[in-house]
Amino acid sequence: QYFLKGFSAEKHPVFKTSEVLNLDDPSQPLQVNHELTIPEHAVVAGDKIYLNPFIALQQTSNPFISTERIYPVDFETAIERTYIANIQIPDGYEIEHLPPSKVITLPDRGAKFSIHMTVAGNRISTTTRFQQPKFFYEPTEYGGLKEFYASMVAKSAEQIVLKKTAP
């Protein structure tokens, strides 16, 4: 369910395969693997295609909007999510803009967000990873946490731009 909440009703993914690993072993991280196609995920405008590479790990808003924090922030558990997406460039198109890879971190390894993109032939591979081993933040750490999430929101808004090649 968590994976699907970012999709609108008319853009449901079509799953080819799904598997859940380590469900019965609490000593191992839960791993969920999907192979899917997402119809109409891109926007076509003229001779360009705009595509957000953040298929599932997109941070669209900053949950920390207050200017200050009086009480600690408690996420209750550590979090680690990794998403790998392979995007096929349609025939007759080439990359006009590819967002640069980036790593955003909090001090003392409190959290890390990274995106790495590579191109091989007509495929763009993206690996997005969110790690938050620390789950309890003191009010004095709130400013850094708020800035970290603001940076994730900004990075999540970047798009791949494909343009039609000359015939």
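User: How many salt bridges does a search of the whole structure find?
Analyst: The search comes up with 5 salt bridges. Keep in mind that this is a predicted model.

User: What makes Glu 80 and Arg 129 a salt bridge?
Analyst: The cut-off is a Lys or Arg side-chain nitrogen within 4 Å of an Asp or Glu carboxyl oxygen. For Glu 80 and Arg 129 the closest N and O atoms are 3.0 Å apart, so the pair meets the definition. Glu 80 sits in strand E6 and Arg 129 in strand E10, so the bridge ties together parts 49 residues apart in sequence.

User: Why is Glu 80 called exposed, and why is Arg 129 called partly exposed?
Analyst: Exposed starts over 50% relative accessible area, buried is under 20%, and partly exposed is what lies in between. Glu 80 has 52%, so it counts as exposed. Arg 129 has 32%, so it goes down as partly exposed.

User: What about Glu 94 and Lys 163: how do you know that they form a salt bridge?
Analyst: Their side chains come to 3.7 Å, N to O, and the limit is 4 Å, so the pair counts. Glu 94 belongs to strand E7 and Lys 163 to strand E12, so this bridge links parts 69 residues apart in sequence. On accessibility, Glu 94 is partly exposed because its value is 35%, and Lys 163 is partly exposed because its value is 29%.

User: How do you know that Glu 141 and Lys 134 form a salt bridge?
Analyst: Here the closest N and O atoms are 2.3 Å apart, so the 4 Å test is passed. With 26% relative accessible area, Glu 141 is partly exposed; Lys 134, at 27%, is partly exposed too.

User: Why is Thr 126 called buried?
Analyst: Buried means under 20%, and Thr 126 has 1% relative accessibility, so it counts as buried. Thr 126 lies in strand E10, residues 123–132. Setting aside neighbours within four places in sequence, its contacts are Pro 53, Tyr 83, Ile 84, Ala 85, Ile 115, His 116 and Met 117.

User: And Leu 23, buried or exposed?
Analyst: Exposed: its relative accessible area is 62%, and the bar is over 50%. Leu 23 is in the loop between strand E1 (14–21) and strand E2 (31–37). Together with Val 20, Leu 30 and Val 32, Leu 23 forms a nonpolar surface patch with about 390 Å² of accessible area.

User: What makes E8 and E9 paired strands?
Analyst: Pairing takes at least two bridges. Strand E8 (residues 102–105) and strand E9 (residues 112–120) are joined by 4, so they qualify, and they run antiparallel. One bridge is Ile 104 with Phe 113. In their hairpin, with 6 residues between the strands, Asp 108 has a positive phi near 60°.

User: How do you know that E10 pairs with both E9 and E6?
Analyst: E9 and E10 share 9 bridges in the antiparallel sense. E6 and E10 share 10, also antiparallel. Phe 130 of E10 shows both sides: it is the bridge partner of Phe 113 and stands opposite Arg 81. In the E9 and E10 hairpin, which has 2 residues between the strands, Gly 121 takes a positive phi near 65°.

User: What makes E6 and E8 edge strands?
Analyst: The open sheet has 4 strands in the order E6-E10-E9-E8, paired antiparallel. Strand E6 (79–88) and E8 each pair on one side only. The twist averages 10° from one strand to the next.

User: Why are E3 and E7 called edges of the other sheet with 4 strands?
Analyst: That open sheet runs E3-E4-E12-E7 with antiparallel pairing. Strand E3 (43–45) and strand E7 (93–97) have a single partner strand each, so one side of each lacks a neighbour in the sheet. Neighbouring strands there are turned by 30° against each other on average, direction ignored. Inside the sheet, E4 (residues 48–51) and E12 (residues 160–164) pair over 4 bridges, with Lys 48 opposite Lys 163.

User: Why is Val 103 exposed?
Analyst: Its relative accessible area is 51%, so Val 103 is exposed, given a bar of over 50%. Val 103 is in strand E8. Beyond residues up to four places away in sequence, Val 103 touches Lys 112, Phe 113 and Ser 114.

Methods
Residues numbered from 1 in each chain as written. Predicted model: local features only at pLDDT ≥ 70, side-chain atom pairs only at ≥ 80, totals over all residues. Heavy atoms only, no water. Buried < 20%, exposed > 50% of the residue type's maximum accessible area, 1.4 Å probe, protein only. Contact = heavy atoms within 4.5 Å. Patch = residues over 30% accessible without salt bridge, like charges linked within 9 Å, V, L, I, M, F, W, Y side chains within 5 Å. Areas by Shrake-Rupley, 256 points an atom, 1.4 Å probe, with all protein chains shown as cover. Axes fitted to C-alpha atoms, helices over the stretch in contact; angles between N-to-C directions.
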